[in-house]
Each structure stands twice: as structure tokens, then as C-alpha cells.
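Me: I've got a structure loaded and I'd like to check the labels people put on it. Can you walk me through the reasoning behind each one?

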Amino acid sequence: MFKFFSFCLFITASTIAFGQNAEPLIVKIDAKNKAQRIDNFGAAGAWFSEGIGKHWPTQNREQMAEWLFSKEIDKTGNPKGIGLSAWRFNIGGGTAEQGDSSKITDFRKRVESFLKPDGTYDWTKQSGYLWFTKKAKEYGVENLIAFSNTPPVQFTKNGLGYKTEKDYVSNLKQDKYADYAKFLATVLDHFDKEGLHFKYISPVNEPQWDWSHADGKAKQEGSPWKNEEVAKVVTALDSALTKTNSTSKILITEAGQLDYLYAKTGLASKQTQSFFNKNSPLQLTKLKHLPALIGGHSYFTDKGDSSRIAIRQHVADTTKKYGVEFWQTEYSMLADGYKEGKTRKIPAIDCALFLSKVIHDDLVYGNASAWQLWNSWEPGSADFDTRYYVIALNPTNKEYTDGTITATKNLWALGHYSRFIRPGMNRLNVDRNDKLTPVQIAQDVMVTAYMNDKQLVLVAINYTTENRIFKPIISNFKFANEFDEYLTTADKDVNMKFIKGKNLEAGSVLPARSIKTLVLTKQ
């Protein structure tokens, strides 16, 4: 109690010490000046989930689910979790049943398949993955999304869950497109009947990569897909979903980099134009189950503020031209952009701030209406280089049947968006008094605003090493005098820490290298 009390005293505007940039940042927000509608914030539960869901202590699994899915507030006003509104479930290709013959070196990245070699189904498979998916439903997660990295191995050209030839052509046998589509539709239909509805099904993943390992040492399931092959499998899946009277929608294309959505070269490039230009021979706009929606991954397009912003502006321009909604469907700090030129180990708060900046840029410049993380958990430190996960795993044996867990700063960084920016909210355009360019903003204070009929939510990222004050001036939205603030700093115990705000006209204090969310309730 004393620690929290003293911290609150420190951050009051009357006592805080400021550096050279002591001028408050004034942000004007008009509730009528709307940008895109937000659909969801989500994460994937692939890799490691099978062993955890089956074997790890129940209290650990329950805690992981609460951190990710809970929308509850504890007795001190702090969020128990980050309230994700989407959860991604990996439909496996059967490499787990192949064991070492799968030639995927890490057994934790082999995935079971519901489809048996004799054509029947075993619905006891993937029970670990399903444990978390069912927990997501119990917590009220609004969007369950199924995705597949490879067709079942009995349908692939080489009988494996990855390629052995570097030809950038699908591993699916030419005569198995309908069978693969039927398999996916059957899986969705089964879980629909069990009350577990997948709102979206994603049949291909990162089709630009070759996914080949000629030496027989693969890292995971995967297959490339030419644009022509994507169109073929999506058309087959649309037909299969129609036959089962499914209400699920097809999500394409999970592009491995955002710039493949509008440019680049190769067999899976310019994907927005290929599938949504009505004059394209591959256009898919007339399919019943395919919305005007395209997904891409922010990997490898995050290095350098200028480049990152420009790529996202190109995505927004292209998708707008063809009337398509853009979702960012996978991201972790896979490349070294998060280091921003540093050679030392990167502290957890710096990783969290960079993650927040990528989310900010995807939403503001890419106009993304959904943002989804890869991956929720992996083995690693919670203190440094938390580049791949929001929950750090510490397995206690090589069989991966037990272990401990730690929430990272990344969890709360994502939570500053996911917990209070709910499905159906609109992002609002903001106007700043400092008139900084987008590139300058990326190293300063980044502010976004979101609204529905009940609340207006502000997310502020102070990327600087100085304490700052920002003053929102809000029009066309009358709110109560008191409001809620949630703060994350480098301090171990300050993770979306609740603070009651009482005078927004005086401004809100942003400690150096921090993230803060403000929630204003309509009067």
C-alpha cells in the first residue's frame, strides 16, 4: 500500500519533475471525426499449448487464461487480465502423429490432426489447444479464429507438413483441394455443434515463404501458395462451407509481410489487387463466405520509423482503393527492429514500448481494424528481450509436462489496447498542437482515441526519457468529471495500475517510458 501511495504522489502534476520538453502536449479530439471501426484485438495460442493444456498445473493454466481473457477488475481497481476479443486456434496437419518421422525437429511444434489416415475423425485430438480455446469462449472472447499452416499430411505431395523443394508452390496435391476444404469445413461444423463457433477460418498462412527444408530438418508446419492456388483453395472452401450451412467467414491471406499486400514480386504478391480488383482473373469478391477483408503480418516491416510508417500508409491506400478492410493478424518482434540500433540486451519495458508503437502505427497509418499477436507464450526471460511472447514460460523438464509462468510487460502493453478498446468502437482522428511529423511522433508521445456510445478511450505512449503532460480537448462527447487511468512503467509492480483521475483540464501525467490508458465515461 505504501509503495503505491508514494508512487501516486510522485506522478501528480504539482510535484513531477520535467525535462526540457515540459510544454504540455495538447490533443484535440472531435468525437464526430471518426476513422476505422475496431473489430478485435487478439493473440494466437499455437506452439507449446498442447503440452501446457494437457499437463501443466491447473492453477498455472487458469492464470494464463485469466491474464489473456479476463475483463474483471480486482478489489483495488486493477485489471485481472487484458480482455482479448479474439483468439486464434491452429488446426494441425498431423505432424505430431508422425513423431520423429515428421522431420520437424522440435516436438512442441508438431501438431495433431483431427483427420485419421482412414478418413475418419478423432475429436480427442488437440485437447491442449482446445483447453485454451474453450477457456476463451468461457471468458466471452468475441471472435474465435481457426487457421491452418498445412493441409493434413495425407493430402500433401511429400507426405510431410512442410516442403522439401524450394519452388514456392503449394504442397497440397492437385486432386486434394476439395478434400482439404471439406476437412476444414468438417472441423468447423463439428465444433459448431459442440457450441464452439469459429467466426473465421484461415486456410493458408504466409504463402510467400518457401517453407522448404531439403535436409529434413524443419522448424514447423507450413506451405507456400501461389495466388492462383490461394484462389483455388478459397473457392473450394467457400463451396464446402456452403454445403455445411456454415456462418463462418474466410480470412485471407495472412501475408508474411505487409508489403506483399500491395507490392513486391513473386508468386504471392500484390494480393489485395489480385483478389479484390474486380477486373482481376483471380478476384474472389463474389464468394458467399469471403468478406472484403485481408490479413497481413507485420513481421520484417518494423525496422526504422520512416519505413514502418510508409509501408502501413501504402497498405491503407491500397485497401481503401479496393474497398477492403485490413487486419494485422500476426506480429512478434521476429526481426531486430525492436532493438532500434542497440546492441545490449533490451529491457522488458523497451520491448513493450516498441510493441505498443507497432500497434499504434498499424492502427493509425495502416488503418487496421484488428490487431492480433503471435505468440502468447514461449520459453524465455520476463525481464529482457521479451520479443516473442506476452507470457514467459519456464518448463521444468524436457518432456514439457510441467513449468512456471511469468507475465511480461508485453502482456500489459497489448492490454492497454485490448482491455478497453472493445469491438465496435471507432478510432477517432486526433490533432496535436506540436505539429510533429509521423516520424517525429514515433520517438515522442503517441496518442490514439476510440469511442462508442458509452466511453471514450485514450491510449498514450510516452516514448521519451522525460516525464510529460498531455491535455486532451474533447468535443461532442460529454463525460463525467472523474475518469479512470491505467499506467504501465518499468516498475515491476506498475502494470496497468489503476489511478482515479479527477481533472482532465489540468492534463494527465505521463512518466518517462510509460504507457497510459484513460477511460472517460459518457455523462
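Me: What makes residues of H6 buried, and which ones are they?

Reply: Buried means under 20% relative accessible area, exposed over 50%, and partly exposed in between, with a 1.4 Å probe and protein chains only. In H6 the buried ones are Tyr177, Tyr180, Ala181, Phe183, Leu184, Ala185, Val187, Leu188, His190 and Phe191. Their cover includes strand E3 (86-91), H5, strand E4 (143-148), strand E5 (200-202) and helix H7 (227-243), where contact means heavy atoms within 4.5 Å. Helices (H or I, at least four residues) and strands (E, at least two) are DSSP runs, numbered from the N terminus.

Reply: One caveat: this is a predicted model, where local features need pLDDT of at least 70 and side-chain atom pairs count only at pLDDT 80 or more, while totals for chains, interfaces and linings use all residues. Residues are numbered from 1 along each chain as its sequence is written, and side-chain values use heavy atoms, with hydrogens and water left out.

Me: How do you know that the span of H6 is close to the one expected?

Reply: The expected span is 1.5 Å times one less than the number of residues. H6 (residues 177-193) has 17 residues, and that rule gives 24 Å; its first and last C-alpha atoms are 25 Å apart.

Me: Why is H3 called oblique to H5?

Reply: The axes of H3 (residues 58-69) and H5 (residues 127-138) come within 10 Å and cross at roughly 45 degrees. Under 35 degrees counts as roughly parallel, over 145 as roughly antiparallel, 65 to 115 as roughly perpendicular and the rest as oblique. That crossing angle falls in the rest, so H3 is oblique to H5.

Me: What meets what there?

Reply: Arg61, Glu62, Met64, Ala65 and Phe69 in H3 meet Trp131, Phe132, Lys135 and Ala136 in H5. By class, that contact has six nonpolar, no polar and three charged residues. Ala, Val, Leu, Ile, Met, Phe, Trp, Tyr, Cys and Pro count as nonpolar, Asp, Glu, Lys and Arg as charged, and the others, Gly among them, as polar.

Me: Is Glu206 buried or exposed, and why?

Reply: Glu206 has 7% relative accessibility, so it counts as buried. Glu206 sits in the loop between E5 and H7, and its phi is positive, near 45 degrees, in a residue other than glycine.

Me: Why does Gly323 count as exposed?

Reply: Its relative accessibility is 52%, so Gly323 lands on the exposed side. Gly323 is in the loop between helix H9 (305-321) and strand E9 (325-330).

Technical notes
Axes fitted to C-alpha atoms, helices over the stretch in contact; angles between N-to-C directions.
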